[in-house]
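Could you walk me through this structure in the viewer? I would like to know what to select at each stop and what I will find there.

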Amino acid sequence: MISDGFGISSETMAREYVQTTNNYPLDWASNLDDLLVGTTCTHSSNSLVTDSAAGATAFSCAQKTYNGAIGVSHERKPCGTILEAAKLAGYMTGLVSTSRITHATPGSFAAHVVHRDMEDLIAQHMISFNSSLSPTPMVDLMLGGGRCYFAPETPNPAAGNPKNSCRSDQLDLWQFAQQKYGYSTISTRKQFDDLKATDKKLPLLGLFTDSHMSYEIDRNPAKEPSLTEMTQKALELLHTASTAAHNTSAAVPGFFIMIEGARIDMAAHDNDPATHLHDVIEYWNAVSAVRRFIDTHPNTLMIGTSDHETGGLTLGIDPEYVWYPNVLSPVKNSAEMICSEIRPLSKDHRVLVNAVTTKVLPKLLGIANATREEISSIVDGAGGSLKACKHAVGHVVSDRARLGWTTGGHTGADVGLYAYGEGSSTIRGNKDNTHVGQLLADFLDVNPESITPLLGHLTTAQEDFDENAVDEKAGKAISV
C-alpha cells in the first residue's frame, strides 16, 4: 500500500484531529500506528528529493532511477517489475488508485516509459498493448481514474466507451482492451456495485472519472466509489479468481496488488490541510479493510509506505506552541473545488469579493469572522494562477489552525514503514526504498530482474513528446 506524499507529520495531524474532535484519550492511536515497523529513505538516483515516478519505480523494480522515470533504470532501459514477475509466476495482479491509473505510481508497476508525462504510452503499456510478455494481460484488475487516456483523440462514446479524450492519437484502448484481452470495462457507480466476486469479470478495467478521482472531502458517493470500497472489491475479486485459477491449473493461489491513496499527495501540494486530512483518514479505512482480509487469510503480507513526503507539514508555527485541530472540522470542500468556482468570477471584482465573503469563508471554510487580510488573500489568489488560488485558500485555513508548510512540492524526509501479516515481524528499522521492493519480491519468491531481458521490444518514448519542454515548463521539477 502506498500513501503518496504522506509523512510522519501527516499521521500525527490526523491522529490528533480524531483524538481531539472525538474526546478520545490522549494516548489514542490510529489503526496505522500499531503497524509502524520503521522508516523508509526516499531519495532517487539523481536527487535527494524524489518524485513519485522514481519513488514508485524503486518499489516496483527494486532499483534507483531518476525523477520522472516510469519502470525504467537510470540508464533509461526497462526494468522488470514485481507485478510482472508475479504475473509470470502465476499470481493474479491488481492496481488500485485514486489518481489516474496512468499516473506515476500505478504506472511504474506496469509500464516502462522514460518520462512520467507520456501518459498516452503508459496507458498502452498498462493494458499490454504490443506486449509479448504473456498471452494474457499483465494486470488482471485496475480500479481508479483516468478514463480519458483510453479513448481516441476523436472519442466514440458508443457502447459505453469514454466520452472524453486526453490522447494525442486515434488509439481506442478501451475497445482494444475489450477485444484483445476480454477486459470487462466499467465506468459507473452502478456497474461497480453490481460486481460480484463470483462473476468472473477478470480481467477488469474500472475507471470512474476522466482524470483523477475526487478528493474524499468532495467525493459524491453516488458517482464514485471510495478508496476503501475499491480496495474491498479488488481483494474479493482477486482472491476468488486466484483461488479458482489454482483449482483448475498450475496457477499460484495468490495475488499481488498495489493500492495507492494518491490524493493525499495532491492536497499537500496545495497546502490544503482539511483535504489532506480527509484523504489520510480514508487511507486508514482502506488499511483497515486490508487488515480484515489478512485476519481471515493469514498467509498474506501487507507492506505500507510512502514514495515521499509532500509539503513539509509542521504542527505549530512560531511563536506559539499550539495547533488547533477543530479549525479543520467545518471545512466543506477542497481548495481545488473552491477555486474552480471562484476563479471564473475574477473578471468582476465586486462579484468575486461577494462570493468570498458570503460563501467561501463562512459556508465552505467555516470562518465567520474573516479578517480583511484573509479576504484579500483569497481574492488576490483567485485572480492569479490556479496554484496561487489553492495556496491562498489552504493557507487561510492553515494559519488559523497554526499549521505550517515549507513547500508546495516534495521534501527529502524519511517516511513511515508499516507492515502486517505473515513475515511482518521480521521487517524492522530504516529501509532504503529499493529494499521495500525487494522485501515484496522475496515474500512472493519472484525475481523482477529475470523479467528485464524480456522487455527489450517495448517502446519507451512517446512519439512527438518533448521532454525538455515539459521539464522547463515545470521549472525543472516534476510536480507530483
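**First stop: helix 12**

Begin with helix 12 and show its neighbours: the cover over its buried residues includes helix 11 (335–342), helix 13 (372–382) and helix 14 (386–401). Keep in mind as you go that this is a predicted model.

Now colour the buried residues of helix 12, which are Leu352, Ala355, Val356, Val360, Leu361 and Leu364. A rule of thumb helps when you look at their spacing: an α-helix has 3.6 residues a turn, so residues three or four places apart point the same way.

Next, look along the helix from the side. Where does helix 12 bend? Centre the view on Val356, where the bend is about 40 degrees. Val356 is also one of the buried residues you just coloured. If you select residues 349–364, you have the 16 residues of helix 12, and the C-alpha atoms at its ends are only 20 Å apart. A straight helix would reach 22 Å at 1.5 Å a residue.

Before leaving, step past the end of the helix to Gly366, which follows helix 12 and has a positive phi, near 75 degrees.

**Second stop: the aromatic rings**

Show the side chains of Phe, Tyr and Trp. How many aromatic pairs does a search of the whole structure find? There are 8. Select Tyr24 and Trp28 for one of them: this pair is tilted, with 5.4 Å from centre to centre and 35 degrees between the planes. Tyr24 is partly exposed at 34% relative accessible area, and Trp28 is partly exposed too, at 24%. Add Trp284 to the selection, and you have a cluster of Tyr24, Trp28 and Trp284 linked by ring pairs.

Now move to Phe192 and Phe208. Their pair is edge-to-face, 5.7 Å centre to centre with 90 degrees between the planes. Phe192 belongs to helix 7 (residues 189–194), while Phe208 is in the loop between strand 6 (204–207) and helix 8 (227–248), so this pair ties together parts that are 16 residues apart in sequence. Are these two rings buried or exposed? Phe192 is buried, with a relative accessible area of 2%, and Phe208 is buried as well, at 5%.

**Last stop: charges over rings**

Stay on Phe192 and add Lys233, whose charged end sits over the Phe192 ring, 5.0 Å from its centre. Then select Arg291 and Tyr420 to finish: Arg291 lies over the face of Tyr420, 4.6 Å from the ring centre.

How values were computed. Residues numbered from 1 in each chain as written. Predicted model: local features only at pLDDT ≥ 70, side-chain atom pairs only at ≥ 80, totals over all residues. Heavy atoms only, no water. Helix = DSSP H or I, 4+ residues; strand = E, 2+ residues; numbered from the N terminus. Expected span 1.5 Å × (residues − 1). Bend = angle between axes of the 7 residues up to and from the residue. Buried < 20%, exposed > 50% of the residue type's maximum accessible area, 1.4 Å probe, protein only. Contact = heavy atoms within 4.5 Å. Phe/Tyr/Trp six-rings, centres within 6.5 Å; stacked < 30°, edge-to-face > 60°. Lys NZ or Arg CZ within 6 Å of the ring centre and 35° of its normal.
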